[in-house]
Amino acid sequence: MATVRMIDIAVNFTDGMFKGIYNGKQCHVSDIATVLSRAWTAGVDRIIVTGGSLEESKEALTIAETDARLFCTVGVHPTRCKEFEESGDPDKHFQALLSLAKEGIEKGKVVAIGECGLDYDRLQFCPAEIQKKYFEKQFELAHAMKLPMFLHMRAAAPDFCEIVERNRSRFSAGVAHSFTGSAEDRDKLLSISNMYIGVNGCSLKTAENLDVVRSIPIERMMIETDSPYCGIKNTSAGIKFVKSTWPSKKKEKYDQECIVKDRNEPCLVRQVLEVVAGCKGISEIGQLSRTLYHNTCR
C-alpha cells in the first residue's frame, strides 16, 4: 500500500449498524473501536462524524469526544427538517442547535454546520417548502459560528444553488457531499466560490458518474465514505480502479478481523481515492491524497 493520508469527511457513526443493529435486529456487538482501528491502519487520520438532527448531532459530538482524530457536524438534514416545527417551538430548537454548536467548538470538535440542504427525492419525509425554510435558517448558524457548511443536494440543484448564492456572504466555504448530480449540476456548484464537492461510492456507480467526477478539479474535491451507506459495489463502474480490498463476512457471521459485507466503513475511503485516481488517470496517488487532505483541512 502506498503511503497516503486521508480524511473521511462523512461517517454516520450514529447509525445502528455500527452498534451491530440492522433493521432493528441485533446481529453483532457494537464495533466502532474495531472500525476505527482499521481506518487508522488504512491511512485515514481524521474523520468527521455526521449530525443530521439535533439529537443525532448531540450523539455525534459524544462520539467525537472519544478520540482526538474524530470531529463532527451540527445541523439538520433536509429530510428531518420537520423536527423544527414538531418540537413545538422552532426558535427554541434553533437555539438548542446554536448552543450545541458553540459547546462543540469550545471542545475543538465541531468543524461544520450540517448536514443541511435539499432532498427532493425524498419529499415523503419532508415537504420542499419546509426543507427550503430550514435550509436557509441554518446559514444563520454558519454565520454565527463562523463555520463552513456540510451540504446535501439531491434532485434539487436549481433551488439549492439559488439559496446558497443568496446566502453566500454568510458562510466561509462549503462542501456538497455525496455528490451524484449531472455535469450541469457539477458546473453550477463549481461556479460558487469556495464550494467543494464530496465524492463517495454513490458518486462512482455509472460510467456517466465517472465522466462527471473526472472533470471535478482535485483542488475542489474531498473524499468520503458516507458509511455505513454508499460503498463501492462490484457492479460499480469504478470497481475496475480499486486496488485495496479487505476480507468480508456477512453480519450474521461477524468476525472483527473482517469488514461486514454490504456495510461501508471509513477504511474504504481508500477505495474512493483509488477510483478518483484511476478515472482521472493519476498514477501518483500520494500526491492526490495530499491535495484532497489539504483542501479538507483548509
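Start by selecting His177 and showing what surrounds it. Leaving out residues up to four places away in sequence, His177 touches Ala10, Glu115, Phe150, Leu151, His152, Gly198, Glu224 and Asp226; a contact here means heavy atoms within 4.5 Å. Before you go on, note that this is a predicted model, where local features need pLDDT of at least 70 and side-chain atom pairs count only at pLDDT 80 or more, while totals for chains, interfaces and linings use all residues. Residues are numbered from 1 along each chain as its sequence is written, and side-chain values use heavy atoms, with hydrogens and water left out.

Stay with His177 a little longer. Its home is strand β8 (residues 174-177); strands (E, at least two residues) and helices (H or I, at least four) are DSSP runs numbered from the N terminus. Is His177 buried or exposed? At 2% relative accessibility, His177 is buried (buried is under 20% relative accessible area, exposed over 50%, partly exposed in between, with a 1.4 Å probe and protein chains only). Now show side chains: that of His177 makes a polar contact with the side chain of Glu115 at 2.8 Å. A polar contact is a pair of N or O atoms within 3.5 Å; within protein, one must be able to donate a hydrogen and the other to accept it, and residues adjacent in sequence count only if both atoms are side-chain atoms.

Next, select His152, in strand β7 (residues 149-154). His152 is buried too, with a relative accessible area of 3%. Its side chain makes a polar contact with the side chain of His77 (3.5 Å). Beyond its neighbours within four places in sequence, His152 has contacts that include Glu115, Phe160 and His177.

Keep both histidines selected. An unreviewed UniProt entry annotates His152 and His177 as "binding site"; such annotations may be inferred rather than shown by experiment, and positions follow the numbering used here, with feature names shortened. These two span 26 residues in sequence, yet no two of their C-alpha atoms are more than 5.9 Å apart, so they gather at one spot.

For a change of scene, select Asp262, in the loop between β12 (259-260) and α9 (269-280). Asp262 is exposed, at 68% relative accessibility. Add Ser248 to the selection: Asp262 and Ser248 are 14 residues apart in sequence and 8.7 Å apart in space, C-alpha to C-alpha.
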